[in-house]
Amino acid sequence: MKYIYYFLLALWFIPASAQKSETARYLESIGLVNIAEADSSIIVDLMYTRADNFTGKVLYEDLHEAYLHPDAMKGLLLAQQELKKRYPGRRLIVYDAARPMSVQQKMWNVAKGTSKYIYVSNPARGGGLHNYGLAVDISILDEAGNPLPMGTEVDHLGPEAHITNEAALVQSGKMTKQEQVNRQLLRSVMRAAGFRALPSEWWHFNWCSRQEAKQKYKVIP
């Protein structure tokens with residue numbers, strides 16, 4: 001028992017930076033910001049650390065922390081503040097943020113040749129805003145820590161996740177009015193902080209346009 005005690009004690013005194021994965025340390029080395037360290041009230045649950053995503057594969061093998069470019073991070077902090085102003089007991093939850101292009105390639109390899117390829121940015125064409133640390137996949141937790149219902153699960157790639165179809169989805173009974181209201185709240189909070197909604201995915205928000213990203217920022221290899 002004493003050996004276990006000393007082992008746990010040693011872990012306690014290991015610097016936080018040493019406990020981070022190689023990928024996390026690399027993202028920090030190129031100037032990206034750890035979301036949980038910037039605001040510990042924002043919950044992080046990276047969906048690509050598990051196989052229960054649209055690819056059916058674990059894409060982040062050694063990354064459990066979420067990172068953003070400092071510019072996008074400022075906006076995320078504002079979004080959390082805006083949400084708390086309206087609903088003090090609610091919090092944002094991040095499902096994906098900065099994504100290395102190497103991971104984007106894995107995702108593309110699964111999606112290409114299928115009906116889902118239209119939802120995945122092609123690395124050969126420069127990837128997407130995630131690959132700059134300028135996009136975030138996000139939702140809202142209620143006062144009890146449960147995700148607000150949004151009509152689909154996060155990472156549902158299909159018309160039910162499109163924000164342009166919501167009125168028809170409610171009318172057809174595929175989404176409730178409350179689920180539409182929840183989506184509208186998320187968009188309102190994120191837009192107030194400077195983010196742009198993606199029409200095909202209710203959970204995805206970009207900090208800037210793809211053109212601006214290519215001109216002003218660097219891709220994460």
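Contact here means heavy atoms within 4.5 Å. This is a predicted model, in which local features need pLDDT of at least 70, side-chain atom pairs count only at pLDDT 80 or more, and totals for chains, interfaces and linings use all residues. Residues are numbered from 1 along each chain as its sequence is written, and side-chain values use heavy atoms, with hydrogens and water left out.

**View 1. Ala-51 and what it touches.** Ala-51 sits in the loop between strand 2 and strand 3; strands (E, at least two residues) and helices (H or I, at least four) are DSSP runs, numbered from the N terminus. Leaving aside residues up to four places away in sequence, Ala-51 touches Gly-56, Lys-57 and Val-58. With 38% relative accessibility, Ala-51 is partly exposed; the classes are buried for under 20% relative accessible area, exposed for over 50%, and partly exposed in between (1.4 Å probe, protein chains only). Asp-142 is 91 residues away from Ala-51 along the chain, and their C-alpha atoms are separated by 25 Å.

**View 2. Phe-54 and its surroundings.** Phe-54 is also part of the loop between strand 2 (43-44) and strand 3 (67-68). Phe-54 counts as buried, at 17% relative accessibility. So what does Phe-54 touch, not counting residues up to four places away in sequence? The list runs Tyr-48, Met-107, Ala-111, Lys-116, Val-120, Asp-155 and Leu-157. For Met-107, the sequence gap to Phe-54 is 53 residues, while the C-alpha to C-alpha distance is 9.3 Å.

**View 3. Asp-155 and its backbone.** One of the residues that Phe-54 touches, Asp-155, belongs to the loop between strand 5 (135-141) and helix 7 (166-171). Its phi is positive, about 80°, although Asp-155 is not a glycine. As background, most residues other than glycine have a negative phi. Is Asp-155 buried or exposed? At 9% relative accessibility, Asp-155 counts as buried.

**View 4. Asn-146, in the loop between strand 5 and helix 7.** The relative accessible area of Asn-146 is 40%, making this residue partly exposed. Setting aside residues up to four places away in sequence, Asn-146 touches Ile-140 and Leu-141. Arg-90 and Asn-146 are 56 residues apart in sequence, yet 9.4 Å apart in space, C-alpha to C-alpha.

**View 5. Pro-88 out in its loop.** Pro-88 lies in the loop between helix 5 (70-86) and strand 4 (91-96). With a relative accessible area of 67%, Pro-88 is exposed. How far apart in space are Pro-88 and Ser-102, C-alpha to C-alpha? They are 38 Å apart, with their positions 14 residues apart in sequence.

**View 6. Arg-50 and Asp-52 in a salt bridge.** The closest look here is at the side chains, which meet at 3.1 Å, N to O; a salt bridge is a side-chain nitrogen of Lys or Arg within 4 Å of a carboxyl oxygen of Asp or Glu. Arg-50 is partly exposed at 30% relative accessible area, and Asp-52 is exposed at 57%.

**View 7. Arg-99 and Asp-96, a buried pair.** Arg-99 forms a salt bridge with Asp-96, and their closest N and O atoms are 2.7 Å apart. Both residues of this pair, Arg-99 and Asp-96, are buried.

**View 8. Arg-187 and Glu-166, across two helices.** The side chains of Arg-187 and Glu-166 form a salt bridge at 2.8 Å, N to O. Arg-187 lies in helix 8 (residues 177-192) and Glu-166 in helix 7, so this pair ties together parts that are 21 residues apart in sequence. Arg-187 and Glu-166 are both buried. Elsewhere, Lys-20, Glu-28 and Glu-37 are joined into one network by salt bridges that share partners. The structure holds 11 salt bridges.

**View 9. The whole chain, for context.** The protein has 9 helices and 7 strands. Its radius of gyration, taken over C-alpha atoms, is 18 Å, close to the 17 Å from the globule rule for 221 residues, so the protein is as compact as a globular protein of that length; the rule itself is 2.2 Å times the number of residues to the power 0.38. Along the principal axes, the C-alpha atoms fill a box of roughly 65 × 45 × 35 Å. Of the 221 residues, 48% count as buried. Among contacts with a separation of 6 or more, 71% come from residues 24 or more positions apart.
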